[in-house]
Amino acid sequence: MPKHPGHSSKFGCKRLWRLIPGILRYRHLEYPLFVFALFWKLRYLHHNLNANNIDMNRLDNLIAIGSLILASFWTLWLSTRARSAALALLNVLLTGVIFADLVYYRYFRDFITVPVLLQAGQVGELGESISSLLLPSDLWLAADWLIAVVILGAWLLLRRLKSERLPQDGERETGASAAQGKERPMSRLLTGLLAFVLGYVLTIGPIQHYKNTWAGELFTGNWWNLSLYNITGLLGFHYYDAYRYAKEHLSSKPALTAEEHKEIQRWFREAAEKRKAHNDTFAAYKNSNVIVVQVEALMNFVIGKQIGGEEITPHLNQLIKDSMYFASYYHQTGQGRTSDADFSSNSSLHPLPTGSVFVRFPNHNYDMLPQILGEHGYETGAYHAYEGSFWNRNAMYKAMGYDHFYNKQHYMMDEPLGWSLGDKSFFRQSLDFMTRENRQPFYAFLVTLTSHHPYQLPAPERKLDVGEFQGTLFGSNLESVHYADEALGQLIEGMKQKGIWDHTILYVYGDHDNSLKDKEPYEQFLGRSLSEFDMHQLMNQVPLVIHLPDNGQAGVYQEPAGQLDMAPSLLHLLGIETGSYYMMGNDLFGSGERFVALRSGAFTDGRMYYTPSADGLFEHGECYSLDTRELTDLEQCRRGYEEAKLRLSISDRVIQYNLLREYR
């Protein structure tokens with residue numbers, strides 16, 4: 001019922017209109033000063049990150065201010081005295097977070113996360129180095145505290161002086177102060193609500209803009225904490241990190257049934273039985289060193305190929321002559337890309353359908369190759385000349401059982417190329433690290449970087465004439481692969497000079513495709529038309545070359561293989577039984593089945609190859625005969641489809657439910 005124009009209830013529009021000016025000219029300065037001081041500290045942290053391609057523009061400033069308001073709006077509901085105390089405590093807390101992140105970043109190039117806090121050892125690595133991570137300018141983070149102390153001291157002094165005045169003056173002053181400081185509950189409530197709305201808009205608005213433009217997949221991939229920070233700001237990052245951890249680890253998931261547990265354990269027992277093979281190669285290379293090289297974006301189609309009469313991979317081609325070359329080796333990665341290849345190769349489990357295991361579940365239990373070899377007397381080390389925080393390697397490599405992790409901070413940047421250090425210098429320095437104390441046997445896992453997208457080499461290193469592909473991404477990819485191949489040749493020469501070639505297993509493979517999915521340049525390069533099936537295989541096949549110390553087992557192998565096969569196969573050569581480990585891969589030196597499932601649901605058993613549809617329905621997929629490379633009866637792939645689906649499901653449950661901890 002419409003109100004009379006002259007009528008105004010207690011909570012009517014006119015009264016609200018009178019309150020708004022009071023809210024907007026909020027008398028107490030401690031809240032805006034709090035927001036300003038903490039905003040300045042966030043700016044100080046960002047300035048000290050010195051991170052490439054990570055800026056703090058106007059939208060980022062709004063996010064920072066908005067996140068501070070969201071963290072503190074509730075203080076506006078408190079009385080004057082309580083609000084002052086709450087803001088002071090919140091200032092100390094948030095300053096501590098900013099300072100801790102800053103110091104941690106200077107060492108690890110990453111921010112503190114919930115998994116890091118739960119793995120206190122990683123934070124403890126700062127140890128005696130913490131003093132070297134502090135700068136005199138860091139005292140600015142406490143500048144507002146000093147100002148507050150001065151103001152408080154001045155206020156106490158003035159109060160003491162006032163107390164010496166006439167009592168009635170003091171009484172009048174006290175009464176006036178009390179009246180001035182009195183705030184109505186409704187005013188406090190509306191002020192806090194308006195602050196919340198303002199903080200929400202300032203924070204979520206820009207973040208939503210980023211998600212709708214260039215950062216659409218970042219919250220599903222979660223591939224680098226610094227990239228998340230670039231969108232959310234520091235406080236937003238910590239909120240999202242806590243939300244992500246709670247969602248993954250604390251939120252209630254439907255418990256697995258007893259039958260599901262039996263199915264999973266039965267599958268692993270049968271897989272271990274199929275892998276069991278005590279043939280001539282079992283323990284044939286016991287106590288040999290193992291060097292694994294995971295080459296960035298190295299695909300199979302370049303092996304043995306030439307352009308302009310010049311070999312693209314001459315050193316790999318030469319190595320293959322005395323090695324085992326698996327021509328049907330598949331990468332089994334998902335969204336985690338390089339980290340997925342790393343995880344699956346060392347754990348013999350599939351990566352997750354979304355995100356990276358390295359980021360999502362770094363503190364779960366796995367049967368990792370470095371951990372197993374460490375238990376058998378091996379010195380283990382991971383080598384990657386990039387930020388140790390990238391893909392959460394600092395935390396994950398510790399959990400995987402590596403004794404050492406050599407990252408960007410350990411290398412001399414004497415050959416800056418692309419994302420970081422050039423592969424040639426990377427291999428040379430890595431060899432020095434792994435041999436300087438002559439601890440053998442050792443396991444070394446090396447991750448290259450120079451052949452990473454977008455494949456930008458300086459002119460002196462572009463030694464391959466790519467002809468008609470000059471100036472294209474495809475041509476730049478060929479140039480970078482040629483460089484990586486030359487670096488690999490230098491690694492082999494370095495191993496011979498160091499005297500470790502004759503008693504080291506060298507295992508070289510590509511991590512994933514080159515992200516160039518346009519069919520035309522491949523057809524132009526290969527000189528033939530390619531079907532969709534050809535492209536599917538081409539984009540999923542990477543090379544695997546295994547050189548044994550006595551050139552043993554050399555030859556070309558056409559049987560299907562995948563990245564999950566690395567751990568059980570190397571353990572076979574070293575004479576370490578795998579029956580007690582939860583591994584899903586094939587033993588490449590055994591006589592068991594060869595079944596390779598890809599994260600997409602595609603699979604091959606050496607006879608058939610199934611490509612799934614986007615909707616995941618079996619009936620919409622395609623089944624190919626590898627003999628004819630033509631479509632065949634779909635039903636011939638049904639059994640393999642069900643097996644691939646089962647394997648992926650089992651692996652996902654093992655990872656997400658941390659089943660190995662329970663089964664141990």
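## Strand S11 and its partners

In this predicted model, Val 508 of strand S11 (504-510) stands opposite Val 545 in S12, and the two strands to which these residues belong run antiparallel, joined by four bridges. S11 also pairs with S1, and here the strands run parallel and are joined by seven bridges; within this pairing, Val 290 has Ile 505 in S11 as its bridge partner. Strands of a sheet pair through backbone hydrogen bonds, either parallel or antiparallel, and S11 takes part in pairings of both kinds, being parallel to S1 and antiparallel to S12.

Seven of the seven residues of S11 are buried, so the strand is largely enclosed by the rest of the structure. Thr 504, Leu 506, Val 508 and Gly 510 point one way from the strand, while Ile 505, Tyr 507 and Tyr 509 point the other way, and all of them are buried.

## The sheet of eight strands

S11 belongs to an open sheet of eight strands, with mixed pairing and with the order S7-S6-S10-S1-S11-S12-S4-S13. Its edges are formed by strand S7 (404-406) and strand S13 (555-557), each of which pairs on one side only, and neighbouring strands of the sheet are turned by 15° against each other on average, when direction is ignored. Helix H14 (residues 338-347) lies across S1, strand S10 (442-447) and S11, and the helix runs at about 160° to S10.

On the other side of S12 in the strand order comes S4, and strand S4 (residues 324-326) pairs with strand S12 (residues 544-547) in the antiparallel sense over three bridges. In this pairing, Met 324 stands opposite Ile 546 in S12.

## Strand S6, between S7 and S10

Further along the order, S6 stands between S7 and S10. It pairs with S10 in the parallel sense over five bridges, and with S7, again in the parallel sense, over three bridges. Tyr 383 takes part in both pairings, since its bridge partner in S10 is Leu 446 and its bridge partner in S7 is Tyr 406.

Strand S6 (residues 379-383) is mostly covered, with five of its five residues buried. The cover extends to both faces: Glu 379, Gly 381 and Tyr 383 lie on one side, Thr 380 and Ala 382 lie on the other, and all of these residues are buried.

## Asn 300 in a loop

Asn 300 lies in the loop that runs between strand S1 (289-295) and strand S2 (306-307). Although it is a loop residue, Asn 300 counts as buried because its relative accessibility is 11%, below the cut-off of 20%. Leaving aside residues up to four places away in sequence, Asn 300 touches Tyr 325, Ala 327, Gln 541, Val 542 and Pro 543; of these, Tyr 325 falls within S4 (residues 324-326).

## The sheet of five strands

A second open sheet holds five strands in the order S15-S16-S17-S18-S19, with antiparallel pairing. Strand S15 (596-597) and strand S19 (630-631) stand at its edges and have a single partner strand each, so one side of each is left without a neighbour in the sheet.

Within this sheet, strand S16 (residues 603-604) and strand S17 (residues 608-611) run antiparallel and are joined by two bridges, with Phe 603 standing opposite Tyr 610 in S17. Helix H21 (residues 532-540) lies across S17 and strand S18 (622-625), running at about 90° to S17.

## Leu 189 and a nonpolar surface patch

Leu 189 is found in helix H9 (residues 185-212), and with a relative accessibility of 37% it counts as partly exposed. Together with Trp 74, Trp 77, Met 186 and Leu 193, Leu 189 makes a nonpolar surface patch of about 420 Å². Leu 189 and Trp 77, both members of this patch, are 112 residues apart in sequence, while their C-alpha atoms are 5.6 Å apart in space.

## The chain as a whole

The chain contains 24 helices and 19 strands, and 54% of its 664 residues count as buried. Among the contacts with a separation of 6 or more, 73% are accounted for by residues 24 or more positions apart. The accessible surface of the chain comes to about 31300 Å², and 56% of this surface belongs to carbon and sulfur atoms.

Terms used. Residues are numbered from 1 along each chain as its sequence is written. This is a predicted model: local features need pLDDT of at least 70, side-chain atom pairs count only at pLDDT 80 or more; totals for chains, interfaces and linings use all residues. Side-chain values use heavy atoms; hydrogens and water are left out. Buried means under 20% relative accessible area, exposed over 50%, partly exposed in between (1.4 Å probe, protein chains only). Contact means heavy atoms within 4.5 Å. Two strands pair if DSSP finds at least two bridges between them. Axes are lines fitted to C-alpha atoms, for helices over the stretch in contact, and angles run from 0 to 180 degrees between N-to-C directions. Patches are made of residues with over 30% relative accessible area and no salt bridge: like charges are joined within 9 Å, nonpolar side chains (Val, Leu, Ile, Met, Phe, Trp, Tyr) within 5 Å. Accessible areas come from the Shrake-Rupley method with a 1.4 Å probe; for residues, only the protein chains shown count as cover. A salt bridge is a side-chain nitrogen of Lys or Arg within 4 Å of a carboxyl oxygen of Asp or Glu.
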